[in-house]
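Student: Please take a close look at the aromatic side chains in this model. I would like ring geometry, burial and location, then a word on the surface.

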Amino acid sequence: MVGDKARGEMNAFQRNESKETLFNFMSAGDDPPKGDFPLRKKSPKLCGSNYPLSIAFIVVNEFCERFSYYGMRAVLTLYFLSFFHWDENLSTAVYHAFSALCYFTPVIGAIMADSWLGKYKTIIYLSIVYVVGHLIKSVGAIPSLGNQAVHVVLSMVGLFLIALGTGGIKPCVSAFGGDQFEEEHTSERSKFFSIFYLSINAGSLISTFVTPVLRGDVKCFGEDCYALAFGVPAALMVLALVVFIAGSGLYRKTPPQGNVLLEVCKCIGFAIKNRLKNRSREIPKRDHWLDWASEKYSKQLIGEVKMVTRVLFLFIPLPMFWALFDQQGSRWTLQATKMNADFGIYVLQPDQMQFLNPLLILVFIPIFDLGLYPLIDMCKFNFTPIRKMATGMILAGLAFGLAAIIEIKINETDMPRLVPEESLIRVLNLAKNPVQVTIQEKDLFQQPVETFQNPAEYSKLILNGEQQSLRFTLQHQGLTLAFNYTVKEKSVYSLIVFEAEGSLSSRLITDLEAKPENGLAAVRFINGLSQDVNLTIDSRKFIAVQKNYSPSEYSLLERDIYNNGKCITETGEFPLELGLLDFGASYTIVITNISGGAVKTWKSEDIKANNVHMAWQLPQYLLISAGEVMFSITGLAFSYSQSPASMKSVLQAGWLLTVAVGNTFVLIVAEAAPMAQWAEFVLFTVLLFAVCIIFSIMGYFYVSVDPEDLEEKEEKRETSSRGNMIGLVTQKTKL
């Protein structure tokens, strides 16, 4: 079974999925079932080996399902941000709410499989739910289908069904694969799990790299093709279901036999209830609070629950690690949208950076198992599982510390954060001579503004209310002209000064208040010609600009070099070269004149381009991936070794719930306590370090045990207590 795999050496194909499926809810099927059920059916073998042919269908199913899940999740945060136009905090909160639900629902799937349907039917029925969720999610991403409310409802329904499906089958598939082997083929079963985890990693690695390409590099409906990015994972999930059903006639299927998790919960609940009922001082105390369940439950079950609760107590600080770890798909992806993604030969999509985690896990596991850990052992350092897990926490905390430093560097190119009664303004002098600009009662622009001078930065304009009418005075070649404009708070403006019909004139136009989202470039045009123009930037973008220094609206473009544009006027068609429009920058391009058969332009960078390269995220991915190897894999193996065989599924439930609680904590922070992103990274770093100290103290006082030894001691104690009770009864009879 899967438990045999956990007792063996951790293989090199376990990535973050190791936190999910190293061992499973498997009380059902661990013992031979009773009744007439075709469990001992002989399955055809693969190429004359001892491997059942049925496992090929299970492995392919798992690859497709993991491709489906991770591919969909990779683009989810940007989908909320750019398709729904939600802010970063709401996008993060919903992303982690979905992730949390995916780790709560395995308990439902396990109960269904063990108490009602069996693993096979549970996988089939919940996979159908899974497919329906994917299809609804894909349809909800078609822009032309209804308004935003329709898109949101369809997407949320789809995500709920996906969470129910992926979580529900999570505890069933690997255990069902283990059921296919005969008892004597334990080595083949162990190797099967290596192949099984390889399929998990392959699906995750490929999907997190490919799906963002489908989103960003393919355009449909005039924008990023989220319908395709969700549609391909949906097709893979349909394929997963078809493949799994195709192998139906080859499977060995175990019937449901009851779920030990429910028994444990009932036992704990009865012990608490019984203790509360018997609070009188006259009632003798018992050695352990779980002993209050002895009126209803066996000593063996109570003893095993005691062993499990010791480990579950150590799980209490663990959610904080997952709170940091799962932000790779939310906060770290959002951070990547504000960075320079040009790697020379390839421009990486911001959500593609997530593929580093499965890749690094595949690299780190053999390095740690075959290199680092043996080297530490040679140094005579007792690197216990608790210390490994604490080290993993420290590495994850350091990763978020680096993320905070990078965020601070990124913010250097951001627009200043505006407060009430405050605006920003700059002057673009498009006239032929310098101009002195004076604003009523404001001490700005001390020096004349040179012609076509690119302002280094905006100037802060303090108002006396939400808006204020100001008098702008222009001095140009001995002439003084005045213009009145109304300026609103929390706005950004450009005062354009130009010559029209032989005299000086001006316009006050509104600029962008923040960087364009998702690493796009924003560009607008000012037409300095005396005739209207129609501009073609690329095959999909057409802009009409009126004459006499009229501005166009901003257009969002992918980062690229645009030198193949066209400018169409009354007198003809002319080539238009814009040069590089870089990540996250905003540009104002002035069409000055037409000469030599080409359009002459002047380009001003309103908002600076992203100047922090995405490669600076690599150290934080290295740290958190190394932390995962030390924390997740070590933690599962340790907790598995500390529980009796019948209680492995209970610890699996506890482990998955720590992931769910960690994601819940992130959504609470994102919605209830919004703060600057760098400050949030620092908060999570400090919290994890504090939790690491608490966990280390708990681990210091924890005494590792062998469950078999504890069971023997419990049996001896039970025998001894029975002997004492016999003596008491005999004495009472004599009296």
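Tutor: What follows goes from the aromatic pairs to a cluster and then to the surface patches. Keep in mind that this is a predicted model.

Start with the count. The structure holds 45 aromatic pairs. A pair of aromatic rings is described by the distance of the centres and the angle of the planes.

Take Tyr120 and Phe244. Their ring centres are 5.6 Å apart and their planes meet at 25°. Planes under 30 degrees apart count as stacked, so this pair is stacked. Where do the two partners sit? Tyr120 belongs to helix α7 (residues 119-139), while Phe244 belongs to helix α10 (residues 226-246). The pair therefore ties together parts that are 124 residues apart in sequence. Both Tyr120 and Phe244 are buried.

Now Phe321 and Phe325. Here the centres lie 6.0 Å apart, with the planes at 15°, so this pair is stacked too. The setting is a single helix: Phe321 and Phe325 both lie in α13 (residues 319-325). They are four residues apart, about one turn of the helix. Buried or exposed? Phe321 has 0% relative accessibility, so it counts as buried. Phe325 has a relative accessible area of 2% and is buried. The cut-off for buried is under 20%.

Next, the cluster. Tyr79, Phe80, Phe83, Phe84, Trp86, Tyr226 and Phe230 form one aromatic cluster. Helix α4 spans residues 76-83 and is mostly covered, with eight of its eight residues buried. Among those buried residues are Tyr79, Phe80 and Phe83, which also appear in the cluster. The buried set of α4 includes Leu76, Thr77, Leu78, Leu81 and Ser82 as well. Just after α4 comes His85, with a positive phi of about 60°.

Then the surface. Aromatic side chains turn up here as well: Phe209 and Tyr346 join Ile206, Val210 and Ile345 in a nonpolar surface patch. Together these residues have about 450 Å² of accessible area. Ile206 lies in helix α9 (residues 186-216). At 37% relative accessibility, Ile206 counts as partly exposed.

A charged patch is also present. Lys266, Lys273, Lys277 and Lys296 form a positive patch on the surface. Lys296 sits in the loop between α11 (260-277) and α12 (299-314). Its relative accessible area is 55%, so Lys296 is exposed; the cut-off for exposed is over 50%.

Notes. Residues numbered from 1 in each chain as written. Predicted model: local features only at pLDDT ≥ 70, side-chain atom pairs only at ≥ 80, totals over all residues. Heavy atoms only, no water. Patch = residues over 30% accessible without salt bridge, like charges linked within 9 Å, V, L, I, M, F, W, Y side chains within 5 Å. Areas by Shrake-Rupley, 256 points an atom, 1.4 Å probe, with all protein chains shown as cover. Salt bridge = Lys/Arg side-chain N within 4 Å of Asp/Glu carboxyl O. Lys, Arg positive; Asp, Glu negative; His and termini not counted. Charge placed at Lys NZ, Arg CZ, Asp CG, Glu CD. Helix = DSSP H or I, 4+ residues; strand = E, 2+ residues; numbered from the N terminus. Buried < 20%, exposed > 50% of the residue type's maximum accessible area, 1.4 Å probe, protein only. Phe/Tyr/Trp six-rings, centres within 6.5 Å; stacked < 30°, edge-to-face > 60°.
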